[in-house]
Amino acid sequence: MGLKHTAAANHVGRDVSASIPAQPDGVFGLASGLGDELDAELARIWPRAVVHLGVRSNDAHTLYAVAIARSLLAAHSEADPGVVLPAIMLHDIGWSKVPPDEVLEAIAPGGGRPDLVLLHEKEGARLAEGILAEAGVPGERSARIVEIIDGHDSRREALSIEDAIVKDSDKTWRLTPHGLDTVMDWFGLDRGQALRLCASRVTGHLFTDTARALARGLAAVESANLWPERAALELP
């Protein structure tokens, strides 16, 4: 489903653009507003990451997860963005080393292949170590990032607030419009089925109150989209 980028009408009949702020709180670019050093670092990491993210819509998933992580970081000043953001940007690159026809079996409802989940974590950590070195990330911080990637799905507990934010950002994506669109096509589900599946795999498995509130809000909006009263508004 494409995003609506331009208006189909202007019902007010005049140009109001001069009254719109250029950079309101919560609106940001992929690598902007974090400080020159981290902005430049993420700009170096992304091109090296995206070449490994062509499987299972992981490229778009990663961008949405980065955005969620930045939102969670705003509520957790104790967390280090220099660990969280490279980790979430690189967390799924290891799926590129799993046979494409087996990727979805790793997470399919009623089944699952934990061995493949572990494989993508191990391969992701290995690839990330090289990418971080190429991007000039210092060794101590790189080690913290790699440790998070190696276990971001399989590890049941969070090692740190940075690990918690990475885990929460990854999971919360499932309840976004893009997440539900993607899960529907993974498993041949209608939107209601996808919402129930994703909510069951997200809301009780988050570490931060901030992510729990965000997930509940996303699920609430999608619930309203499924109400017959909402569907009736689209009738002629």
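Helices (H or I, at least four residues) and strands (E, at least two) are DSSP runs, numbered from the N terminus. The structure is a predicted model, in which local features need pLDDT of at least 70 and side-chain atom pairs count only at pLDDT 80 or more, while totals for chains, interfaces and linings use all residues. Residues are numbered from 1 along each chain as its sequence is written, and side-chain values use heavy atoms, with hydrogens and water left out.

**Exercise 1. The loop between α1 and α2**

Task: Locate V55, and determine whether V55 is buried or exposed.

Solution. Step 1: V55 is placed in the loop between α1 and α2.
Step 2: The classes are buried (under 20% relative accessible area), exposed (over 50%) and partly exposed (in between), with a 1.4 Å probe and protein chains only. V55 has a relative accessibility of 18% and therefore counts as buried.
Step 3: Contact means heavy atoms within 4.5 Å. Apart from its neighbours within four places in sequence, V55 is in contact with W95, S96 and V103.
Step 4: V55 and P99 are separated by 44 residues in sequence, and their C-alpha atoms are 9.7 Å apart in space.
Step 5: R56 lies in the loop between α1 and α2, and S57 lies there too. The phi of R56 is near 60 degrees, a positive value in a residue other than glycine; the phi of S57 is likewise positive and near 60 degrees.
Step 6: R56, at 17% relative accessibility, counts as buried, whereas S57, at 26%, is partly exposed.

**Exercise 2. The faces of helix α5**

Task: State which residues of α5 (residues 139-149) are buried, and explain why they line one face of the helix.

Solution. Step 1: The buried residues of α5 are R141, S142, I145, V146, I148 and I149.
Step 2: Seen down the axis, these buried residues fall within an arc of 155 degrees, so they line one face of α5. The arc is that of the directions from the helix axis to the C-beta atoms.
Step 3: A general rule assists here: an α-helix has 3.6 residues a turn, so residues three or four places apart point the same way.
Step 4: On the other side of α5, G139 and E140 are exposed.
Step 5: The cover over the buried residues of α5 includes α1, α3 (81-90), α4 (114-134) and α6.
Step 6: After α5 comes G151, which has a positive phi near 130 degrees.

**Exercise 3. The length and packing of helix α9**

Task: Compare the expected span of α9 (residues 209-226) with the distance between its end C-alpha atoms, and state which residues of α9 are buried.

Solution. Step 1: The expected span is 1.5 Å times one less than the number of residues. For the 18 residues of α9 this gives 26 Å, and the end C-alpha atoms are 26 Å apart, so the two values agree.
Step 2: A211, A215, A219 and E222 are the buried residues of α9. They cover an arc of only 65 degrees around the axis, which puts them on the same side of α9.
Step 3: D209, R216 and V221 are exposed on the other side of α9.
Step 4: The buried residues of α9 pack against α2 (58-73), α6 (161-172), α7 (177-187) and α8 (191-202).

**Exercise 4. A buried loop residue**

Task: State where T176 is found and which residues it contacts.

Solution. Step 1: T176 is in the loop between α6 and α7.
Step 2: Its relative accessibility is 10%, so T176 counts as buried.
Step 3: Beyond its neighbours within four places in sequence, T176 is in contact with I68 and L218.
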